[in-house]
There are 2 protein chains.
Amino acid sequence: MPEFEKIEYRPKPVRELLLEMKNLSELMIDLAYSAALFNDKDLAEEVLELERRIDTLAYLLDMTIMIAARDAEDAEALAGVAKVAGATDKISDAAGDIAMIVKQGIGIHPIVAEIFERVEEHIARVRIEEKSILIGKKIGRLNLAARMGVNLIAIRRGKEWIVKPEDEEKLMREDILIVRGAPAGINLFKELAEGRRRRIGG
Amino acid sequence: MPEFEKIEYRPKPVRELLLEMKNLSELMIDLAYSAALFNDKDLAEEVLELERRIDTLAYLLDMTIMIAARDAEDAEALAGVAKVAGATDKISDAAGDIAMIVKQGIGIHPIVAEIFERVEEHIARVRIEEKSILIGKKIGRLNLAARMGVNLIAIRRGKEWIVKPEDEEKLMREDILIVRGAPAGINLFKELAEGRRRRIGG
């Protein structure tokens, strides 16, 4: 796979591109700190994946803005959007910097990380494997929060990201899930996703 | 008041400084986008206030790291922290860039902002005025979420920030509160904070 793929231009409203950039950059920050504090290389990979996605969105947004601006008035109205998009790209770069610290194995001093172990919920990356009973299930029906104290904050499906997925969304094989919760609940969920556990309820 | 104040060095653990930087930068991103999307100059001011606070924390953290590192092993273990802090500063700068767009009146195209009006809850800045009945009240006792669908996400008290305040925290005169919720609930809360409404319950 080439490192730089050709980005296909498909028209998408400016507002949708900006909303997606905003949501993904917020997710990135969250994942980047967790990656650093828990020295989690899987999460760091997802941060870099998100950075690539935001780069693509920034490029599409630039193109869309150029096409949309037909006169000075349009251009003025769209300048703000372009600037917000630029700042989002900068945020995404910074989150990428944090992820690179983890990838390079620099890590955080254990004494520093310790306080976060206590005060913060964990975030983890979980992959839905072929034999998982979660495949085809609607998220809402799983009652993850009530059953195991786990919140599903995002899904990556190939290159597409679904932030704050709806209850009606069905889980698919090879989905990469980003979950938040207490360590025990996350472990339980991992067993389900990886097919090592075949029943959801107690 | 001079623009650059002398920063007093008070020893504080590295982990506390980093935790505060992390929490404040996440808050900043949230406020910055809201400021841009709803063209809210008050929120933009708070973002710039947060940027100053993060600058101060970054400076204190640098000093603390220098003092803490006594040998090569320490220095190596602390290098990761310094890098995360640097990235946080970059995130904070980017959020500041977004706030400046609002301050300069560049704004976001109304058609772009419209989608956010629908999908996003609002964030607002509310100041506790002298005659407010909220003064001295514990946050937990107010039941803001149940009563008016409002969440208190942060308090600024002078230059200090309290992110995700505890239920036991008492509101004080001149507190600047950052709240999130539906517009109707926020308006109700504003009336209470500004002393224009004297009863909390229906």
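**Reasoning from values to terms**

Author: In this structure, B:Glu174 sits in the loop between strand 3 (160–163) and strand 4 of chain B. The model is a predicted one, so let's test its labels against their cut-offs.

Reader: Gladly! Why is B:Glu174 called partly exposed?

Author: Its relative accessible area is 44%. Buried would need under 20% and exposed over 50%, so B:Glu174 at 44% counts as partly exposed.

Reader: And what makes its phi worth a remark?

Author: The phi of B:Glu174 is near 75 degrees, a positive value in a residue other than glycine. Most residues other than glycine have a negative phi.

Reader: Which loop holds B:Asn143, and why does this residue count as partly exposed?

Author: B:Asn143 lies in the loop between helix 5 (139–142) and helix 6 (144–148) of chain B. With 42% relative accessibility, it falls between the 20% and 50% limits, and is therefore partly exposed. Phi is positive for B:Asn143 too, near 50 degrees.

Reader: How do you know that strand 4 of chain B is mostly covered?

Author: Strand 4 spans residues 176–181, and 5 of its 6 residues are buried. Each of those 5 is therefore under 20% relative accessible area.

Reader: What makes strand 1 and strand 4 of chain B a pair?

Author: A pair needs at least two bridges. Strand 1 (residues 122–127) is joined to strand 4 by 6 bridges, so the two pair, and they run antiparallel. Across from B:Ile178 in strand 4 stands B:Arg125. Strand 2 (residues 150–157) also has 6 bridges to strand 4, again antiparallel, and there B:Leu152 has B:Val179 as its bridge partner.

Reader: How do you know that the length of helix 2 of chain A agrees with what it should span?

Author: The helix covers residues 41–68, and at 1.5 Å a residue its 28 residues should span 40 Å. The end C-alpha atoms are 40 Å apart, so the two values agree.

Reader: What happens at the start of helix 2 of chain A?

Author: There, a side-chain oxygen of A:Asp40 comes to within 3.0 Å of the backbone nitrogen of A:Asp42. The limit for a polar contact is 3.5 Å, so this pair qualifies.

Reader: Which residues of domain 1 of chain A supply the most area against domain 2 of chain A?

Author: The assignment gives domain 1 (14–103) and domain 2 (120–193), and about 1400 Å² is buried between them. A:Leu27, A:Phe38 and A:Glu46 supply 34% of the area that domain 1 buries there, more than any other three residues.

Conventions
Residues are numbered from 1 along each chain as its sequence is written. Chains are lettered from A and ligands numbered from 1 in the order in which they are written. This is a predicted model: local features need pLDDT of at least 70, side-chain atom pairs count only at pLDDT 80 or more; totals for chains, interfaces and linings use all residues. Side-chain values use heavy atoms; hydrogens and water are left out. Buried means under 20% relative accessible area, exposed over 50%, partly exposed in between (1.4 Å probe, protein chains only). Helices (H or I, at least four residues) and strands (E, at least two) are DSSP runs, numbered from the N terminus. The expected span of a helix is 1.5 Å times one less than its number of residues. A polar contact is a pair of N or O atoms within 3.5 Å; within protein, one must be able to donate a hydrogen and the other to accept it, and residues adjacent in sequence count only if both atoms are side-chain atoms. Domain bounds come from an automatic or database domain assignment. Buried area is the accessible area (1.4 Å probe) that two parts lose on being put together, summed over both.
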